[in-house]
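Please look over the sequence and the model before reading on. The paragraphs below go from burial and confidence to the sheet, two helices and two loop residues.

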Amino acid sequence: MPYNNKTIQKFVANQRHKIPENTWSLLSETGLMDSSDQVDKRLTVDDLRDVAVWMARDLGLKDIALDVESCSTEFVTRKCRNCQLRPATVFHCDLRLCPRCYYRNLFRFFHRHKSAMREMDVYSVISVAYGMFLAEDVPKALEFAKEVHKKMLKALPLLFGGIYHIEIKRDEKTGLFWINYHYLINGTDSWAIYFAEVLGEKAWVYAWKQFTDRTSVIRYFIRECCRYPTSVILSPDYMKWYLDITARMKLIQGFGDMYKITGGRMKGKKLKLEHKCPRCGGKLEKPMRVSRDQVRWDKNLKCWVYVPPTLAQQPDKPKLVD
Ligand SMILES: [Zn+2]
Ligand SMILES: [Zn+2]
C-alpha cells in the first residue's frame, strides 16, 4: 500500500499519546526530533582525542590514555624470525574511547557493507527512541530494547535488511540517558509506519528520512546517527560507566541480509602484514611499539620498516686518555 509523507506525519502524530508531554517537548528542544543536535559540530576528531586523553588520565585510566594518545602516531613492529626484517604498521588502539578508531572502524564497517546494499533502490533512515533512563537503569533498558528490536525484525520478514546503530545519549537538562536505535534500511520511509505499528507502546519512531543514493544515506547515517558519543563518553562522571556497560556490546551491526558481513579489502591487507614477513613470508615475532622517527618507508617492499638506532646515532663513548 503506497504511503505518502503526510500519512506518515499523521501516523506519528497519532502515536504522540504514547509520549509523555514533558518528554515530547524535550524531544523538540534537544533537537532529537530532527536528529540535528551537534554539540561537537565545530570540534575535529583530534580535538575530541585531546579531550579524551586528558580526561582518561584525570580519571586514572593511564593505560587507556596512553594508547589513545599514541594511536595513529606510533608504529608497531614485528621482527621476522627468518630474515630479521622488521616490518612496521601504524599503531591503532581500537579502543572505544578513541575518536580516531571510532570513525576508522565505522568507515571500515561501511566499506564492508556497501556492496551488500542493493543499488538503484531507495534507502531510509528510521530512528526509534526507548525513552530516558537513570544511569543505573540503562543496562536493563538496553536489554529490553534489544528484545523489542529482535521481535520487531521478526515481525517484519519483508524487510530486506540493513544496519542498525545503538545510541546512548545524555540529556543535558535532566541528566537522564536516551536509548535510541537508528536503522538504515533498503526501503522507503513508509517502513516507519510498520516499525511504529510493531513497536506498539514499547518505543516510538521519532525521525525518518528517505534517500535515493547509497553514498548520501551512508554519509547521513555516519554523521547524524553514529556520531562519537561525546555527551556520555567525554563526561568525567560517565566515561568509565559508558565504557563499562558497552564493553561487550556491538553498537553497530547488520541485520537480515546484511547480517555478519566480514572481509573487505582493508581487513585482508592488514592481516597479511601482521602475520607474515613481506620480504620472505617468514613468521613474525611479538609486536613492539616504536616511534615515528624510528621507521622508514621501504619503496620496494611497499611497507614501513623499523630501523634500530645505529652506533652512529649513539652518543660518543668517552675516550681513554693515556
Ligand atoms: Zn623475512
Ligand atoms: Zn585509536
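A residue is called buried if 20 or more other C-beta atoms lie within 10 Å of its own, exposed if 12 or fewer, and partly exposed in between. By that count Ser72, with 17 other C-beta atoms within 10 Å, is partly exposed. The model is a predicted one, and the same scale applied to the whole chain counts 32% of its 322 residues as buried.

The secondary structure amounts to 11 helices and 10 strands. Contacts often reach across the sequence: of those between residues at least 6 apart, 75% join residues at least 24 apart.

Confidence should be checked before any detail is read. Mean pLDDT for the chain is 80, with 77% of the residues at 70 or more. Among the elements, helix 6 (residues 138-155) has the highest mean, 95, and helix 2 (residues 21-29) the lowest, 44. Two stretches stay under 50. Residues 1-5 form one of them, with three contacts beyond four places in sequence; residues 263-272 form another, with seven such contacts. Where pLDDT is low, the predicted coordinates should not be read in detail.

Next comes a sheet. Five strands make up an open sheet in the order 8-1-2-10-9, and their pairing is antiparallel. Strand 8 (288-290) and strand 9 (295-298) each have a single partner strand, so each stands at an edge with one side left without a neighbour in the sheet. From one strand to the next the twist averages 45°. At the strand 8 edge, strand 1 pairs with strand 8 in the antiparallel sense over three bridges. In strand 8, Val290 is the bridge partner of Phe75.

Helix 5 covers residues 99-114, and its 16 residues should span 22 Å at 1.5 Å a residue; the end C-alpha atoms are 22 Å apart, in agreement. Which residues of helix 5 are buried? They are Pro99, Arg100, Cys101, Tyr102, Phe109, Phe110 and His113. The cover over these buried residues includes helix 3 (45-58), strand 4 (161-170), helix 8 (214-225) and strand 7 (252-256).

Helix 8 can be taken in the same way. Its 12 residues should span 16 Å at 1.5 Å a residue, and the distance between its end C-alpha atoms, 16 Å, agrees. The buried residues of helix 8 are Val217, Ile218, Phe221 and Cys225. Viewed down the helix axis they fall within an arc of 100°, so they line one face of helix 8. An α-helix has 3.6 residues a turn, so residues three or four places apart point the same way. The face of helix 8 turned away from the buried side carries the exposed residues Thr215 and Ser216. The buried residues of helix 8 pack against helix 5, strand 3 (123-133), strand 4, strand 5 (177-186) and strand 6 (204-211).

Two loop residues remain. Most residues other than glycine have a negative phi. Ser72, which is not a glycine, has a positive phi of about 65°. Ser72 lies in the loop between helix 4 (62-70) and strand 1 (75-77). Asp94, also a residue other than glycine, has a positive phi near 55°. Asp94 is placed in the loop between strand 2 (87-90) and helix 5. Is Asp94 buried or exposed? With 12 C-beta neighbours inside 10 Å, Asp94 counts as exposed, whereas Ser72 is partly exposed.

Key. Residues numbered from 1 in each chain as written. Chains lettered and ligands numbered in written order. Predicted model: local features only at pLDDT ≥ 70, side-chain atom pairs only at ≥ 80, totals over all residues. Helix = DSSP H or I, 4+ residues; strand = E, 2+ residues; numbered from the N terminus. Expected span 1.5 Å × (residues − 1). pLDDT = per-residue confidence, 0-100. Pairing = 2+ DSSP bridges. Axes fitted to C-alpha atoms, helices over the stretch in contact; angles between N-to-C directions. Arc of directions from axis to C-beta.
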